[in-house]
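Subject: Structure handover

Hello,

Here is the structure for you to look through. My notes on what turned up follow below it.

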Amino acid sequence: MTNDKTAQRKYLKKLYNLHAWVGFQLSIVLFIIVATGTIATVSNEIDWLVFEEMRTFNTPPSSLDSADDEIVKWNSIYEATLNYAEQAKIKSISTMGHDNFTYRVRAEFPDGHDRFIHVDQYTYEVTGDIPILTIQRFFRDFHRYLFMPNYLGLPTVTFFAFILAISLYTGLKTTRNWKTAITRLRLNQGPRILLSDLHKLLGLWSLWFFVVIVITSWWYLFEFGAAVAGNRFEPRPPKATVISNYEQVNPVSITQFSSAFQKASQAIEDWQITGVLFPTSETAALRFTGIGNNPLLRERAHKVDIDITNQRILGVQEPKSMAWTNYLNEYADPLHFGYFGGLLTKLIWFVFGVGLTTLSATGVMMTWKRTKSSALTKTQKRTLPILLLALVYFVFWLQRYL
């Protein structure tokens, strides 16, 4: 019995040392990934505060409740955009997910640069245009790729999901009296006790959040690996009849757009169109995307492709007809960033993201206090080239927007 207890103590000691090592030695990059992801969850809301063009405080007319009214609304937004920027090539129109956000139109201007044109969906007035380098884009790309190309950045970032998983397992196994730790925060027994209590408290309350982030991150890595192997989860878009007037700035007329919108809205039952992607080549279709009854699915889980030349439906995708990999793939982003329930779930994800970031910081502070050193270790220094590489690629990333 004594030998069993001794072996158990040694095992727990190894787990504790592993928990401290991964959390401390890989803390710099891990902290940046977690912190940027946390900000990314509410980055659209930050943009809303920064850019006046994104705001609307108007209310929808009480009569706007039929499919015909939706066609009128989207037609009017498209027409307003064409009138605002006659020489700009319209690439997409989308809602921003909230009633107080104006609709967003991405357009390429004659100077070759893309900008976001914002249109009030209630008055059909253009509120202005803003650069596509927004706070949302900065933090989303920083978090997802560290500004690196996809083949470098995504595997690097998702690798740290394994670090989170190791931290979760070792932390749970080495936390004693968790029923007490989940509610205890001693404020008057010195900084070391306070940090320890706060670290355990945050870790135990964030267990579910850990699991969601780790699983969705692994899924991103699985999706990336499948793509490298030539097995993309999303089917390729269908080809349309050659668009005879594709050389024009905007080959889709308002009449064509209206007709296609009507066909698309009737192609899937109980769905709402939230985005339109305009043809990007002379054989590309006009694509409509939207949401159905399941808020956990991405908007692109529902899509309808229409040939603008003959108004023929080329393809319809909805959850019930999707392959299982494609279907599961549409859950990843809403669960990872928490936007499936609007502002409420975003704020929940933000709060727990702050907790996860604080968890990383308190772990480092505890180790520094225990070792009585604040200098970087050799392992920490070896992770710095990742940040240096991110800085180099940031320059090229920024050039794309400027």
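A definition to begin with: two strands pair if DSSP finds at least two bridges between them. Please also keep in mind that this is a predicted model.

**Strand 7 and its partners**

Start at strand 7, residues 302-307. Strand 7 and strand 8 form a hairpin. Four residues lie between the two strands. One residue in the turn, Gln311, has a positive phi of about 60 degrees.

Strand 8 covers residues 312-317. Its pairing with strand 7 is antiparallel and runs over five bridges. Within that pairing, Lys303 stands opposite Gln317 of strand 8.

Strand 7 has another partner in strand 6, residues 286-291. That pairing is also antiparallel, over five bridges. Here Leu286 sits opposite Ile306 of strand 7.

How many of the six residues of strand 7 are buried? Six of the six are, so by the cut-off of under 20% relative accessible area the strand is mostly covered. In a regular strand, side chains alternate between the two faces of the sheet. In strand 7, His302, Val304 and Ile306 point one way. Lys303, Asp305 and Asp307 point the other way. Both sets are buried, charged names included in the second.

**A buried lysine**

Next, look at Lys73 in helix 4, which spans residues 67-84. Is Lys73 buried or exposed? Lys73 has a relative accessible area of 6%, so it is buried. Its side chain makes a polar contact of 2.9 Å with the side chain of Tyr103.

Tyr103 also belongs to an aromatic cluster. The other members are Trp74, Tyr78, Phe257, Phe261, Phe278 and Phe288.

**Aromatic pairs**

The structure holds 32 aromatic pairs. In one of them, Phe340 and Trp349, the ring centres are 5.4 Å apart and the planes meet at 85 degrees, so the pair is edge-to-face. Phe340 is partly exposed, at 24% relative accessible area. Trp349 is buried, at 7%.

Now take Phe394 and Trp397. Why is this pair called stacked? The ring centres lie 5.7 Å apart and the planes are at 25 degrees, and planes under 30 degrees apart count as stacked. Both residues are in helix 14, residues 378-401. They are three residues apart, which means about one helical turn separates them. Phe394 is partly exposed, with 22% relative accessibility. Trp397 is buried, with 2%.

**A nonpolar patch on the surface**

Last, the surface. Phe159, Phe162, Val211, Ile215 and Trp218 make a nonpolar patch of about 450 Å². Which helices each supply at least two of its residues? They are helix 6 (150-174) and helix 9 (207-228). Helix 9 gives the most, with three residues.

Val211 lies in helix 9. It has 38% relative accessibility, so Val211 counts as partly exposed.

**Where to look**

For a quick tour, open the hairpin of strands 7 and 8. Then go to the contact between Lys73 and Tyr103. Follow with the edge-to-face pair of Phe340 and Trp349. Finish on the nonpolar patch.

Best wishes

Key:
Residues are numbered from 1 along each chain as its sequence is written. This is a predicted model: local features need pLDDT of at least 70, side-chain atom pairs count only at pLDDT 80 or more; totals for chains, interfaces and linings use all residues. Side-chain values use heavy atoms; hydrogens and water are left out. Patches are made of residues with over 30% relative accessible area and no salt bridge: like charges are joined within 9 Å, nonpolar side chains (Val, Leu, Ile, Met, Phe, Trp, Tyr) within 5 Å. Accessible areas come from the Shrake-Rupley method with a 1.4 Å probe; for residues, only the protein chains shown count as cover. A salt bridge is a side-chain nitrogen of Lys or Arg within 4 Å of a carboxyl oxygen of Asp or Glu. Buried means under 20% relative accessible area, exposed over 50%, partly exposed in between (1.4 Å probe, protein chains only). A polar contact is a pair of N or O atoms within 3.5 Å; within protein, one must be able to donate a hydrogen and the other to accept it, and residues adjacent in sequence count only if both atoms are side-chain atoms. Rings of Phe, Tyr and Trp (its six-membered ring) pair if their centres lie within 6.5 Å; planes under 30 degrees apart count as stacked, over 60 as edge-to-face and the rest as tilted.
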